[in-house]
Amino acid sequence: MERTAVNPWPWSVRLGFDQAQLIEGRRRELVCSAQDAVDANGDVRHPGDMAAQLRMAVDNLEAVLADADMTLADVVRLNVYTTDVDALLQHFAVLTERFAGAGERFASTLLGVDRLVSPQLLVALEATAMD
């Protein structure tokens, strides 16, 4: 698979994502449900702690990817849903540092929402991965 970053403006690259990703020659596509800060039993963890919930959401996303023999490097689109945009932006480095180690950027959208499935959840990550 060949990935080409499409960035008519440079500001998003500084934040760790691309305006678009042109994907050519892909073999497989994994469309993930949003991952959040729940444990293996579906119980919410880290209520009120945006950084911890963000770390756990990435951990859960990595587990889903690994089950499909993929990694964060295969993520081409990441949508972030949060009940507190300002708090998420304060902890955005938690997300970008994890993906920086993957060596690839992704297209992304950040959306503020009234609430997630549980009122204790602050963030959910919805990804599309390709290889």
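This report walks through some buried residues, salt bridges, a helix pair and two unusual backbone angles in a predicted model.

## Three buried residues

Let's start on the inside, with Thr 82. This residue belongs to strand E4, which covers residues 75–82. Its relative accessible area is 0%, so Thr 82 is buried, the cut-off for that label being under 20%. The side chain of Thr 82 also has a polar partner: the backbone oxygen of Leu 122 lies 2.8 Å from it. If neighbours within four places in sequence are set aside, the contacts of Thr 82 are Met 50, Leu 88, Leu 110, Leu 111, Gly 112, Val 113, Leu 122 and Val 123. Leu 122 therefore turns up both as the residue whose backbone oxygen is reached by the Thr 82 side chain and in the contact list of Thr 82.

Next comes Leu 65, which sits in helix H2 (residues 50–67). Leu 65 is buried too, with a relative accessible area of 0%. Beyond its neighbours within four places in sequence, Leu 65 is in contact with Leu 30, Met 70, Thr 71, Leu 72, Val 75 and Ala 129. If you would like a ruler to hold against the structure, try the C-alpha atoms of Leu 65 and Leu 78: the two residues are 13 residues apart along the chain, and those atoms are separated by 13 Å.

Ala 129, from that contact list, is worth a visit of its own. This alanine is part of strand E6, and with a relative accessible area of 0% it is buried. Which residues does Ala 129 touch, not counting those up to four places away in sequence? They are Arg 28, Glu 29, Leu 30, Leu 65, Met 70, Asp 74, Val 75 and Val 76. For Glu 29 there is a distance to go with the contact: Ala 129 and Glu 29 are 100 residues apart in sequence, yet their C-alpha atoms are 5.7 Å apart in space.

## Salt bridges

Now for the charged side chains. Side chains of opposite charge can pair when their charged atoms come close. How many salt bridges does a search of the whole structure find? The count is seven, and the table shows some of them.

| Pair | Closest N to O |
|---|---|
| Asp 131 and Arg 27 | 3.4 Å |
| Arg 45 and Asp 39 | 2.4 Å |
| Arg 98 and Glu 62 | 2.5 Å |

The side chains of Asp 131 and Arg 27 meet in a salt bridge. This pair links distant parts of the chain, 104 residues apart: Asp 131 is in the segment after strand E6 (123–130), while Arg 27 is in the loop between strand E2 (20–24) and strand E3 (29–31). Asp 131 counts as buried at 13% relative accessibility, whereas Arg 27 counts as exposed at 64%.

In the salt bridge between Arg 45 and Asp 39, the arginine is partly exposed, with a relative accessible area of 38%. Asp 39 is buried, at 18%.

Arg 98 and Glu 62 form another salt bridge. It too spans distant parts of the chain, with Arg 98 in helix H4 (residues 92–100) and Glu 62 in helix H2, 36 residues apart. Both partners are partly exposed: Arg 98 has a relative accessible area of 25%, and Glu 62 has one of 32%. Elsewhere, salt bridges that share partners join Arg 27, Arg 28 and Asp 131 into one network.

## How H2 and H4 pack

The Arg 98 and Glu 62 pair leads us to the helices that carry it. Two packed helices are described by the angle between their axes and the distance between the axes. For H2 and H4 the angle is about 30°, and the axes are 9 Å apart. Angles under 35 degrees count as roughly parallel, so H2 and H4 are roughly parallel to each other. The crossing of H2 past H4 is right-handed. On the H2 side, the residues that meet H4 are Ala 51, Leu 54, Arg 55, Val 58, Asp 59, Leu 61 and Glu 62. On the H4 side they are Val 94, Leu 95, Arg 98 and Phe 99.

## Two positive phi angles

Finally, take a look at two loop residues. His 46 is not a glycine, but has a positive phi of about 60°. It lies in the loop between E3 and H2 and counts as partly exposed at 36% relative accessibility. Asp 69, also not a glycine, has a positive phi of about 55°. Its place is the loop between H2 and E4, where Asp 69 counts as exposed at 67% relative accessibility.

Key. Residues are numbered from 1 along each chain as its sequence is written. This is a predicted model: local features need pLDDT of at least 70, side-chain atom pairs count only at pLDDT 80 or more; totals for chains, interfaces and linings use all residues. Side-chain values use heavy atoms; hydrogens and water are left out. Helices (H or I, at least four residues) and strands (E, at least two) are DSSP runs, numbered from the N terminus. Buried means under 20% relative accessible area, exposed over 50%, partly exposed in between (1.4 Å probe, protein chains only). A polar contact is a pair of N or O atoms within 3.5 Å; within protein, one must be able to donate a hydrogen and the other to accept it, and residues adjacent in sequence count only if both atoms are side-chain atoms. Contact means heavy atoms within 4.5 Å. A salt bridge is a side-chain nitrogen of Lys or Arg within 4 Å of a carboxyl oxygen of Asp or Glu. Axes are lines fitted to C-alpha atoms, for helices over the stretch in contact, and angles run from 0 to 180 degrees between N-to-C directions. Angles under 35 degrees count as roughly parallel, over 145 as roughly antiparallel, 65 to 115 as roughly perpendicular and the rest as oblique. A crossing is left-handed if the near helix is turned anticlockwise from the far one by less than a right angle, and right-handed if clockwise.
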